[in-house]
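Open the model in a viewer and show it as a cartoon, with side chains available on demand. The stops below give a selection and then what is found there.

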Amino acid sequence: MPDVIIAGAGPTGLMLACELRLAGVDVVVLERLAERSGESRAGGLHARSVELFDQRGIVDRFLAAGRQGPFAHFSFIPLSIGDLPTRHPYALAVHQSRVERLLEERAAELGVRLRRPAEVTGLRQDGTGVEVEFAGDGGTERLRADYLVGCDGGRSAVRKLAGIGYPGTPATVTALLGDVKLTDPPAGIVFGAEGRREHGSFMIFEADRPGMHRLITMEFGKVTSRDAPVTLETLREACVRIAGTDFGMHSPHFLSSFSDAARQADRYREGRVLLAGDAAHIHFPSSGQGMNLGLQDAFNLGWKLAAVVRGQAPGELLDSYHAERHPAAERMLVSTRAQTALWRPDAQTDALREVFGSLVESEEVNRRLGGACTQLDLRYPMGDGHPALGRRMPDLDIKTPSGHARVFELLHEARPVLLDFSGRAGLRTALDGWTDRVDLVEAECQDEHWTYPVIGEVPAPEAVLLRPDGHVAWAAPTAPTAPTAPTAPTLPTAPAGADAAETADGLRSALTRWFGPPHGG
């Protein structure tokens with residue numbers, strides 16, 4: 001019997017499977033399709049998603065498969081992201097099919113079991129596990145596990161079978177997508193071409209296959225059934241209506257449609273059933289957020305589910321998954337709705353885009369939108385304290401007893417890390433009872449301040465507790481310091497000669513909250 005069953009072998013499901021296997025959890029992935037389709041709805045990774053792969057030591061695989069470029073935009077109003085505080089201040093153009101292939105290869109290396117075709121048709125859960133019914137080559141089968149995670153898309157069978165609601169707003173736009181060959185493409189396509197016209201808009205990018213282009217048309221106020229077939233002729237007709245030409249399209253490889261319907265699961269957990277990726281949220285693909293949100297769902301959930309399955313943390317830890325990821329996706333649904341409205345082809349929207357475009361030229365506005373688009377500004381709710389609390393840890397250059405390193409290298413094994421810059425014996429003592437679960441790294445760092453999007457520079461704490469997803473779960477009190485930038489927040493500080501026992505108590509409280517009680521505790 002596996003520990004966890006994952007429904008869906010897209011980027012979200014495969015990422016989650018890899019995270020669970022890194023923690024020693026036995027995983028089975030059930031995929032409805034008999035083989036990878038090769039279809040690529042998503043076309044790129046934003047900075048925070050690239051950081052996730054860097055934190056696991058596999059980023060080079062993805063960099064080799066894609067192209068770096070200035071893709072960040074808000075409704076195709078360009079954003080400057082080159083100076084964002086990350087080692088990856090760019091978007092990576094890499095199609096979903098390649099991301100899936102690389103993650104499937106990684107999952108196989110880690111020992112993930114993938115079964116296909118295997119379509120989930122039923123589930124039943126009780127106090128000790130979940131029984132999943134699925135249809136495969138051999139007919140109907142059943143498999144039991146401790147937990148089931150639905151990563152099976154916007155029409156998720158798992159979500160429906162678990163009785164989880166999916167409220168939201170209906171479609172107002174019909175978009176057609178095709179990977180086709182063009183005999184007369186627009187000149188100078190490097191990272192894309194786009195145009196807003198009276199009847200709608202179109203976009204053209206290089207496709208995943210050599211010699212092909214991805215062509216997308218959007219018609220506002222026209223809504224067709226999601227099940228309506230898309231043919232080369234329907235795509236051609238839409239393109240001619242909007243652009244006045246079909247660019248000589250022929251030989252389609254992939255044809256599909258989508259809309260601006262935006263929905264979100266009302267809860268990400270129902271007992272021993274959880275949701276991630278499109279099963280938990282769908283939205284218009286403005287600024288290319290869908291695949292990125294799903295990967296970050298998996299990154300947030302994986303270590304938590306592993307800790308619960310292995311008996312290291314109570315089941316209540318899983319409630320923090322909804323508490324953290326539901327607001328993150330909700331924020332993105334607001335953003336994509338706004339971007340869709342800004343793309344409407346009418347005179348009033350043209351005026352609004354002109355005004356909005358001038359605002360984006362402001363450094364503060366650009367920084368805020370860039371931080372949100374790349375997800376580098378994300379802060380999980382962990383209460384008051386140091387400004388870094390709940391935010392992603394910067395990838396600092398540090399010096400450890402074994403030599404020079406980067407912070408992200410400490411997270412390759414997906415284990416929590418207590419990163420101590422102070423050398424206090426009290427912190428080492430406070431870690432007693434968790435040394436089997438948390439790595440202590442004593443290091444030196446020259447950075448007196450850390451830089452984040454939006455809030456700017458903050459004083460570096462003397463020690464931080466990092467979750468396996470790279471977010472700061474606890475930060476030691478910092479001595480008072482004068483702000484170095486107007487955007488630096490007011491920092492709650494400990495009094496001179498701060499009580500070491502109070503600091504140790506704060507650390508132990510965070511350790512218990514995120515990684516379970518101490519041994520012998």
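Start by selecting strands β11 and β20 (residues 273-275): three bridges join them, and they run parallel. Strands here, like helices, are DSSP runs numbered from the N terminus, with at least two residues (E) for a strand and at least four (H or I) for a helix. Two strands pair if DSSP finds at least two bridges between them. The model is predicted, so local features need pLDDT of at least 70 and side-chain atom pairs count only at pLDDT 80 or more, while totals for chains, interfaces and linings use all residues. Residues are numbered from 1 along each chain as its sequence is written, and side-chain values use heavy atoms, leaving out hydrogens and water.

Within this pair, Val-149 stands opposite Leu-274 in β20. Add strand β1 (residues 4-7), which pairs with β11 in the parallel sense over four bridges; Ala-7 stands opposite Gly-150 there. Now show the side chains of β11 (residues 147-150). Tyr-147 and Val-149 are buried on one side, and Leu-148 and Gly-150 are buried on the other. Buried means under 20% relative accessible area, exposed over 50%, and partly exposed in between (1.4 Å probe, protein chains only).

Next, select Leu-45. Together with Leu-465, Leu-45 has the most contacts inside the largest nonpolar core, which has 97 residues. Such a core is a set of buried Ala, Val, Leu, Ile, Met, Phe, Trp, Tyr and Cys residues joined through side-chain atoms within 4.5 Å. Leaving out residues up to four places away in sequence, Leu-45 touches ten residues' worth of neighbours to display, among them Phe-53, Phe-62, Met-291 and Leu-295. Helix α7 (residues 290-309) gives the most to this core, with 11 residues.

Keep α7 and add helix α2 (residues 47-55). Their axes are 9 Å apart and make an angle of about 40 degrees; axes are lines fitted to C-alpha atoms, for helices over the stretch in contact, and angles run from 0 to 180 degrees between N-to-C directions. The two helices are therefore oblique to each other, since angles under 35 degrees count as roughly parallel, over 145 as roughly antiparallel, 65 to 115 as roughly perpendicular and the rest as oblique. Residues of α2 including Leu-52 and Phe-53 meet residues of α7 including Leu-295 and Phe-299. Contact means heavy atoms within 4.5 Å.

Swap α2 for helix α8 (residues 319-341). Helices α7 and α8 pack with axes 10 Å apart at about 170 degrees, which makes them roughly antiparallel. At this interface, Lys-304 is one of the α7 residues, and Tyr-321 and Met-332 are among those from α8. Further along the selection, is Arg-337 buried, exposed or partly exposed? Arg-337 is partly exposed, with a relative accessible area of 35%. Beyond its neighbours within four places in sequence, Arg-337 is in contact with Gly-168, Thr-169 and Ala-262.

Finish at the open sheet of four strands, in the order β25-β24-β28-β29 with mixed pairing. Strands β25 (439-442) and β29 (472-475) are the edges, each pairing on one side only. Strand β28 (residues 463-466) runs antiparallel to β29, joined by three bridges, and Val-464 stands opposite Ala-475. Helix α12 (residues 500-515) packs on the sheet, touching β24 (417-420), β28 and β29.
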